[in-house]
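Subject: Structure handover and notes

Dear colleague,

Please find below the structure I said I would pass on. My notes on it follow.

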Amino acid sequence: MGVEETMGVTETAPIPKQRGEQLLDHAVRYAEERHWDVFAGTWLEAGDGRELCSCGAADCPAPGAHPAVKDWAGQATGSAVQVRRVWGKHPQASILMPTGRTFDVIDVPDAAGFLALARLERMQRTIGPVALTPCHRMLFFVLPGAGVKVPDLVRTLGWSPSAIDLVTRGEGEYVPAPPTRFGGRGSVQWARRPTPANRWLPDTEELIDALAYACGSEAAAERKRRQA
């Protein structure tokens, strides 16, 4: 998936503290306030001036931000009691959330995402939470079912799904939740935070025209840059 782009092990300054209680507080809020399932992932460890993933792989593609076990889907929980128990044992663990349950995610490049976000706000569309990753991706939270709808919707709008960088994250996938950190790149942040006002997520149809247009524009601009 997009969050697992190669990041490698980087030579950096000391790792900023990612306080265990802060991660626990965020994970509990996602479960209690949004009724989102969460599960604990890997975390970052300092060693010889480098950031290493707790999985132990020197060439980990997503250090500190991937599942720690194969049965991550079975361990995902929306119980605040269970969340406290899990992060009590692993206070530095990243916060990961399975898609395809209470939400899907439309994953686009951040340049296209900011363009689409401005366009959607001008049109006064309903917008849910939007996360920004250090891998320069923007994650738009929508109702489940986006994966089935998006290809046909994109074609209807006149774009080829394979020609634009717009990906859906649904059943069997996951996304990182703020404030999870990615190697030396930084933390996942909210571009639009979860609030009572956006508790009800938008359907894919409410966002897809702006997102497809923005991604198509970015793809066209990239082709021009390559031809120049």
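Is Asp203 buried or exposed, or does it fall in between? Asp203 is partly exposed, with a relative accessible area of 24%. Please keep in mind that this is a predicted model, and that the values here are computed from it.

Asp203 is a useful place to start, as it takes part in a salt bridge with Lys149, with N and O 2.8 Å apart. The two residues belong to distant parts of the chain: Lys149 is in helix H5 (residues 146-156), Asp203 is in the loop between E12 and helix H6 (208-227), and 54 residues separate them. Lys149 is partly exposed as well, at a relative accessible area of 26%.

Overall dimensions

The chain has 6 helices and 12 strands. Its radius of gyration is 18 Å, and the globule rule gives 17 Å for 228 residues, so the chain is as compact as a globular protein of that length. Along the principal axes, the C-alpha atoms fill a box of roughly 50 × 45 × 30 Å. Of the 228 residues, 46% are buried. Among contacts with a separation of 6 or more, 82% are between residues 24 or more positions apart. The exposed surface of the chain comes to about 11,200 Å², and 51% of that is supplied by carbon and sulfur atoms.

Salt bridges

Searching the whole structure gives 12 salt bridges. Besides the Lys149 and Asp203 pair, two others are worth describing.

One is between Arg192 and Glu121, whose closest N and O atoms are 3.0 Å apart. This pair also links distant parts of the chain, from strand E12 (residues 189-192), which holds Arg192, to helix H4 (residues 110-122), which holds Glu121; the two are 71 residues apart. Both ends are partly exposed: the relative accessible area is 25% for Arg192 and 42% for Glu121.

The other is between Arg169 and Glu173, at 3.2 Å between the closest N and O atoms. Here the two ends fall into separate classes, because Arg169 is buried with a relative accessible area of 6%, while Glu173 counts as partly exposed at 23%. The pair is part of a network in which salt bridges with shared partners join Asp107, Arg137, Asp165, Arg169 and Glu173.

Strand E7 and its neighbours

Arg137, a member of that network, is also in strand E7 (residues 137-142), where 6 of the 6 residues are buried. The cover is on both faces: Arg137, Leu139 and Phe141 are buried on one side, and Met138, Phe140 and Val142 on the other.

E7 pairs with two strands that I can point to. With strand E5 (residues 104-109) the pairing is antiparallel and runs over 6 bridges, and Val105 stands opposite Phe141. With strand E6 (residues 130-132) the pairing is again antiparallel, over 3 bridges, and Leu132 has Met138 as its bridge partner. E6 and E7 form a hairpin with 4 residues between the strands, in which His136 has a positive phi near 65 degrees.

Helix H6

The 20 residues of H6 should span 28 Å at 1.5 Å a residue, and the end C-alpha atoms are 28 Å apart, so the expected span and the model agree. The buried residues in H6 are Ile208, Ala210, Leu211, Ala212, Ala214, Cys215, Gly216 and Ala219. What do these buried residues pack against? Their packing partners are E5, H4, E7 and H5. Three of these elements have come up already: E7 is the strand with both faces covered, H5 carries Lys149, and H4 carries Glu121.

A three-stranded sheet

There is also an open sheet of 3 strands in the order E1-E4-E9, with antiparallel pairing. Strand E1 (39-40) and strand E9 (174-176) are its edge strands, each pairing on one side only. Strand E4 (residues 95-98) is joined to E9 by 3 bridges, and within that pairing Leu96 has Pro176 as its bridge partner.

If you look through the model yourself, the salt-bridge network and the surroundings of E7 are where I would suggest starting, with Arg137 in view, since that residue is buried in the strand and joined to the network.

Best regards

Key
Residues are numbered from 1 along each chain as its sequence is written. This is a predicted model: local features need pLDDT of at least 70, side-chain atom pairs count only at pLDDT 80 or more; totals for chains, interfaces and linings use all residues. Side-chain values use heavy atoms; hydrogens and water are left out. A salt bridge is a side-chain nitrogen of Lys or Arg within 4 Å of a carboxyl oxygen of Asp or Glu. Buried means under 20% relative accessible area, exposed over 50%, partly exposed in between (1.4 Å probe, protein chains only). Two strands pair if DSSP finds at least two bridges between them. The expected span of a helix is 1.5 Å times one less than its number of residues. Contact means heavy atoms within 4.5 Å. The radius of gyration is taken over C-alpha atoms; the globule rule is 2.2 Å times the number of residues to the power 0.38. Accessible areas come from the Shrake-Rupley method with a 1.4 Å probe; for residues, only the protein chains shown count as cover.
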